[in-house]
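Hi everyone, thanks for making the time. I'd like to walk you through one structure today, so please have a look at the sequence and the model as they come up.

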Amino acid sequence: MHIKTLLNYTTKFKSFVFQNPSLCRDSNRILIPVVPRKNSKPICSRCGCSDTVYDHLKQREFLLPPIWNIAVVLLYTMRRVNCRHCSKVVVEQLPWATGKSPVTKQFAAFLAFWARKLSWTDTAKSFRVSWDIVADAVTWVVEWGLANRDIDNVTAIGVDEIQYHGGHNYLTLVYQIDKHCRRLLWIGKERKKKTLYMFCDFMGTKRCEAIEFVCSDMWRAYITVIAERFSNAVHVLDRFHIVGHLNKAVDNVRRAEVKKLKDAGKPAYLKKCRWIFLKKKKRLWGKPRARLRELLNMNLRTVKAYLFKEDFDHLWTYKSVTWANKFIDEWTKDIMRHRSLPELKKFAKMIRGHQELILNYFRAKKEFSSGIVEGFNNKAKLTIRKSYGFRSDKLREIALYHTLGNLPVPGITHRFV
Ligand SMILES: [Zn+2]
């Protein structure tokens, strides 16, 4: 079988013909010259009309996916079109090229596929291209996906925030959390009111009105805009965020107590047991569980906070809004009576301040479990962590859309996977 046969099988460029390939042993590349078919006219890259050739530019190289890890390079002499429609001389449009990049659409799609499984650096190394080429490929695929996705029929969204750059900066991420489609919809800078207004503008009034459920954290800016702009929706404060706040409160108690014990010259009972107190008891086994048993016998503030936290978990088992409401009333009352737990009191106050919205979780029949937003949040964090080498905000966003956006991929004749 000839390489030409393989090329014609995987890629079809109607108005172009592959010529005989040659293997360049020194550079470990297969070079394939491509020429326009006889009598075919070049297409203007501005308007898409075909017209006569004005002149030829220098030969360019375009990378195709490698064969047996040997680079495959198309060699093509670009033409310029004397376009009557644009009344200008314009460079021609090629069916395989993605702008000025030296990568064909086929190779871009191939690299982008692997860049979801490997880091961008590993993808670059594995396929012997530069990191910038991988970045360009992913950018092209993501931009194509964003331009070609359908954002109608969104009825449930989750609003989440994520920190980056060592926690000093925030991004607001909006996910679609419908059963039929779960994906990252939109990314905005910071977590201000303005940020969510921008999301609403992006969606348009009609699509905003169609939204029935919004899940979010207890962040005031979000709550205000959601009440204002998604007036048709049930606003649910989701479990994942509430539990996050409670865990933080318990950990703050522990930190303060560690310091106090140390200052008083007492043994460090609470050192290295952060996770013991944050994990649910029913998921704790072996040595950590024995350690917990030991700690529970001590008269420590952290232990009290922990017991309250374990008790709070009961809330999520309720089916009835009335009983859930009663539980919150009683639980917060118990906390308020405790003198020694100001950290939890702060949490209890926050819960009381948002009780109605928390109860919406039960009104929505727990349809939007915390798992969805939590899962997205973890994946987004991982992407951000992996992306510390990204040189720009734009690439960070591209990486997030690439991993979480569930975007359509450009339809290329041959599927590599
Ligand atoms: Zn034109």
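Let me start with a definition: a pocket here is an open set of grid points, on a 1 Å grid over the protein atoms alone, with protein on both sides within 12 Å along at least five of seven lines, and a lining residue has an atom within 4 Å of a point. Please also keep in mind that this is a predicted model.

With that in hand, which element gives the most to the lining of the largest pocket? That is α8, with 12 residues. The lining as a whole counts 44 residues, and the space in this pocket comes to about 1,500 Å³. If you want to centre your view, go to F240, G244, H245, N247 and K381, which lie nearest the pocket centre. Several elements give two or more residues to the lining: β7 (156-164), α8 (239-263), α9 (274-278), α11 (301-312) and α15 (370-386). For those of you thinking about the chemistry of the lining, the split by class is 19 charged, 14 nonpolar and 11 polar residues.

Now let's move to the metal. Which protein atoms are the donors of the zinc ion? They are the SG atoms of C44, C47, C83 and C86, lying 2.1 to 2.3 Å from the zinc. The angles subtended by these four donor atoms run from 103 to 116 degrees, and because four donors count as tetrahedral if all angles lie between 85 and 135 degrees, the arrangement is tetrahedral. For reference, the ideal angle for four tetrahedral donors is 109.5 degrees.

The spacing of the donor residues along the sequence is C-x2-C-x35-C-x2-C. Across the long gap in that pattern, C47 and C83 are 36 residues apart and link distant parts of the chain: C47 sits in the loop between β3 (29-36) and β4 (52-67), while C83 belongs to strand β5 (residues 70-83). Is each of these two cysteines buried or exposed? C83 has 1% relative accessibility, so it counts as buried. C47 has 28%, so it counts as partly exposed.

Staying with cysteines for a moment, the structure holds zero disulfides. C24, with 23% relative accessibility, counts as partly exposed.

Next, a couple of backbone details. Where in the chain is R128? It lies in the loop between α3 (120-126) and α4 (131-148). R128 is not a glycine, and yet it has a positive phi of about 50 degrees. Its relative accessibility is 46%, so R128 counts as partly exposed. N153 has a positive phi too, of about 60 degrees, and is likewise not a glycine. You'll find N153 in the loop between α4 and β7, and N153 is exposed, with a relative accessible area of 60%.

Before I finish, here are some residue pairs to give you a feel for distances across the model. Take V73, which is in strand β5 and is buried at 0% relative accessible area. How far apart in space are V73 and V243? Their C-alpha atoms are 54 Å apart, with their positions 170 residues apart in sequence.

K193 lies in helix α5 (residues 193-203) and counts as partly exposed, at 39% relative accessibility. Between the C-alpha atoms of K193 and I3 there are 57 Å, and the two residues are 190 apart along the chain.

V90 comes from strand β6 (residues 88-91), and with a relative accessible area of 6% V90 is buried. The C-alpha atoms of V90 and A135 are separated by 27 Å, at 45 residues apart along the chain.

Lastly, Q59 is found in strand β4 and is partly exposed, at 49% relative accessibility. Q59 and T139 are 80 residues apart in sequence, and 25 Å separate their C-alpha atoms.

That's my tour. Thanks for listening, and I'm happy to rotate the model wherever you'd like to look.

Conventions. Residues are numbered from 1 along each chain as its sequence is written. This is a predicted model: local features need pLDDT of at least 70, side-chain atom pairs count only at pLDDT 80 or more; totals for chains, interfaces and linings use all residues. Side-chain values use heavy atoms; hydrogens and water are left out. On a 1 Å grid over the protein atoms alone, a cavity is a set of points where a 1.4 Å probe fits but cannot get out, and a pocket is an open set with protein on both sides within 12 Å along at least five of seven lines; lining residues have an atom within 4 Å of a point. Grid points are joined across faces, edges and corners, and a volume is the space filled by probe spheres set on the points. Helices (H or I, at least four residues) and strands (E, at least two) are DSSP runs, numbered from the N terminus. Ala, Val, Leu, Ile, Met, Phe, Trp, Tyr, Cys and Pro count as nonpolar, Asp, Glu, Lys and Arg as charged, and the others, Gly among them, as polar. Donors are N, O and S atoms within 2.8 Å of the metal (3.2 Å for Na, K and Ca); water is not among the atoms, so sites may look incomplete. Four donors count as tetrahedral if all angles lie between 85 and 135 degrees; four count as square planar and six as octahedral if opposite donors are over 155 degrees apart and all others between 65 and 115; anything else is irregular. Buried means under 20% relative accessible area, exposed over 50%, partly exposed in between (1.4 Å probe, protein chains only). A disulfide is a pair of cysteine sulfur atoms within 2.5 Å.
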